Structures are given as structure tokens and as C-alpha cells.
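Biologist: I'd like a close look at one part of this protein, the nonpolar core and the aromatic rings around it. Could you walk me through it and then show me how the rest of the chain ties in?

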Amino acid sequence: MNRRTVFLTTLAVTTALTLTACGSEEPDAPAKGSGKETLSTAPVSSAPASDGRPAVELPSDLSYTFDWPKTGDKERDAVLADSEQSIKAVDQAIVNQNALDKAYLYYYEGEAAAETQKFVQNYVAHKAGITGSYRFYAPEVSVDKDGTASLNYCEDQGKAFVKYLETGEIKKTEVTAKSYVVYHTSLKRDEDKGAWVIQKIVSQSGSTKCQP
């Protein structure tokens, strides 16, 4: 199964860097070269630390659209808010080239954290970053009385690409059915953090539900 999933979440870019519940596909080895890293480091998207949550800063060549309207329910809206930050936190780890970045580890635990570490490490090993824009939409969220929740949502990866840091090469790919990914996440309320953390995430590319 594909996944920005167990992770990542967003994980997962169009080039087959989506995580899989049973492992992750490696990006093509970057072209040889000694050029300077050209991935922008100026933060354009920044979420300051609050209530113990880590700050997340992302470069100006990354953009996000979350078509996640508020539900009017406090807990369901909290799941959506924390999930948005968890997605960005994983991308920050890729940008920082740090498979143990503290921000994503705040939002991922257990199996999800282990798979996310592998996912980010894959980018680090290939000296690869990400660039472009992501869109997330069609959320379906439910919260149970036992402190667990589920969130299903879609991602459009059609304008998101891998960027190799040594050469500055951007690997652009055509938009296909696989550019649309559906995610199924399981979360639990961490009372010590006061946040919803991801325990498991599974995704499927080419989802007919998510295609326009």
C-alpha cells in the first residue's frame, strides 16, 4: 500500500516517493554533481510554537492548501488542526534533512513514527528535497468517546515535485491518476500533550474518490 501514509503525511510526492505501509519506494538516485544546494530555506509558512506544540517553518518554494472547513465540533476541529501541522512537520523534516526531526515526532507515535522516519531518511539518503504545492481536501473525521479518532482525506500531488539538493534539479512528472492519493489515519488523544497524535496511516494512490 502506498503512503505518505504512514507517515506520512504527507505525506509523499508524485514521483513515487509516497510511503507504503509495507515499506517505501526509493527516489531515483540523484544526478552526480557538486553544485551548491539551492533549496530555499527562507520560511514562508510558519506555525509558531504554542501550547507545547513545536514550531514548523517551511521554505518559500513550498505551499499548501487545506480545503478542510471547520466542523463546528471542538474535538473534530482539533483533529483537523493537528493533522495539518503533522503533515507540515514531516515536510519540515525533509527540508531539514533530519529523519529524527522533533516536530514530526511530536505528532507521530509507534508504527506511524517508525515508518515516517524511514520515509524521511529516504530523502536524506538521496540528498533530495521537495518543492511545489500540495492540496488536501475531502476530509472525513470522527471522534470516539475512548479518546481515539479517524481521519480520511485526499491529497493532490500534481504540482509537487522532488528537488535534488546537490544539483538543484527538479524532477517534474506528469499529472496522472496516481497524483491523487487517499489517506486513512488513526489517531489518539495524548492528554499530556493536549494534542491528537497519529498512530497509523495508510494511503492509496490513484483513488477514484480523490480524482477530479
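Modeller: Here is a tour that starts with the core, moves on to the rings, and ends with the helices and salt bridges. Keep in mind that this is a predicted model.

First, some bearings. The chain has 3 helices and 11 strands, and along the sequence they run β-β-β-β-β-β-α-α-α-β-β-β-β-β. Of the 212 residues, 50% are buried. The accessible surface adds up to about 9,600 Å², with carbon and sulfur atoms holding 49% of that.

Now the core itself. The largest nonpolar core has 43 residues, and the members that touch the most others are W68, Y108, F136, L151 and Y153. The biggest share of this core comes from helix α1 (residues 74-96), which puts in 8 residues. There is also another core, set apart from that one, with 5 residues including Y137, C154, Y180 and V182.

Take L151 as a way into the details. Leaving out residues up to four places away in sequence, L151 is in contact with W68, V79, L80, S83, P139, E140, V141, Y183, H184, T185 and L187. Hold on to E140 from that list, since E140 turns up again in a salt bridge with K209.

On to the rings. There are 12 aromatic pairs in the model. One of them is F66 with F136: the ring centres sit 4.8 Å apart and the planes are at 15 degrees, so this pair counts as stacked. These two come from distant parts of the chain, F66 from strand β6 (residues 62-66) and F136 from strand β7, 70 residues apart. F66 is buried at 17% relative accessible area, and F136 is buried at 0%. Y104 and Y108 make another kind of pair, with centres 6.2 Å apart and planes at 65 degrees, so that one is edge-to-face. Both Y104 and Y108 are buried. Zoom out a little and you'll find a cluster joined by ring pairs, made up of Y64, F66, W68, Y134, F136, Y153 and Y183.

What about helix α3? For its 16 residues (110-125), 1.5 Å a residue gives an expected span of 22 Å, and the end C-alpha atoms are 23 Å apart, so the two agree. Its buried residues are A112, A113, E115, T116, F119, V120, N122 and Y123. After α3 comes K127, with a positive phi near 50 degrees.

You may have spotted a charged residue among those buried ones. E115 has a relative accessible area of 12%, so E115 falls in the buried group, and its side chain forms a salt bridge with K118 at 3.8 Å, N to O. Those two are 3 residues apart in α3, about one turn of the helix.

The model has 9 salt bridges. Back in α1, E84 pairs with K88, with the closest N and O atoms 3.4 Å apart. They are 4 residues apart in that helix, so about one helical turn separates them. E84 is partly exposed at 23% relative accessibility, whereas K88 is buried at 11%.

Finally, back to E140. Its bridge to K209 is 3.2 Å, N to O, and it links distant parts of the chain: E140 is in strand β7 (residues 128-143) and K209 in the segment after β11 (195-205), 69 residues apart. Both ends are partly exposed, E140 at 41% and K209 at 43%.

Technical notes:
Residues numbered from 1 in each chain as written. Predicted model: local features only at pLDDT ≥ 70, side-chain atom pairs only at ≥ 80, totals over all residues. Heavy atoms only, no water. Core = buried A, V, L, I, M, F, W, Y, C linked by side-chain atoms within 4.5 Å. Buried < 20%, exposed > 50% of the residue type's maximum accessible area, 1.4 Å probe, protein only. Contact = heavy atoms within 4.5 Å. Expected span 1.5 Å × (residues − 1). Areas by Shrake-Rupley, 256 points an atom, 1.4 Å probe, with all protein chains shown as cover. Salt bridge = Lys/Arg side-chain N within 4 Å of Asp/Glu carboxyl O. Phe/Tyr/Trp six-rings, centres within 6.5 Å; stacked < 30°, edge-to-face > 60°.
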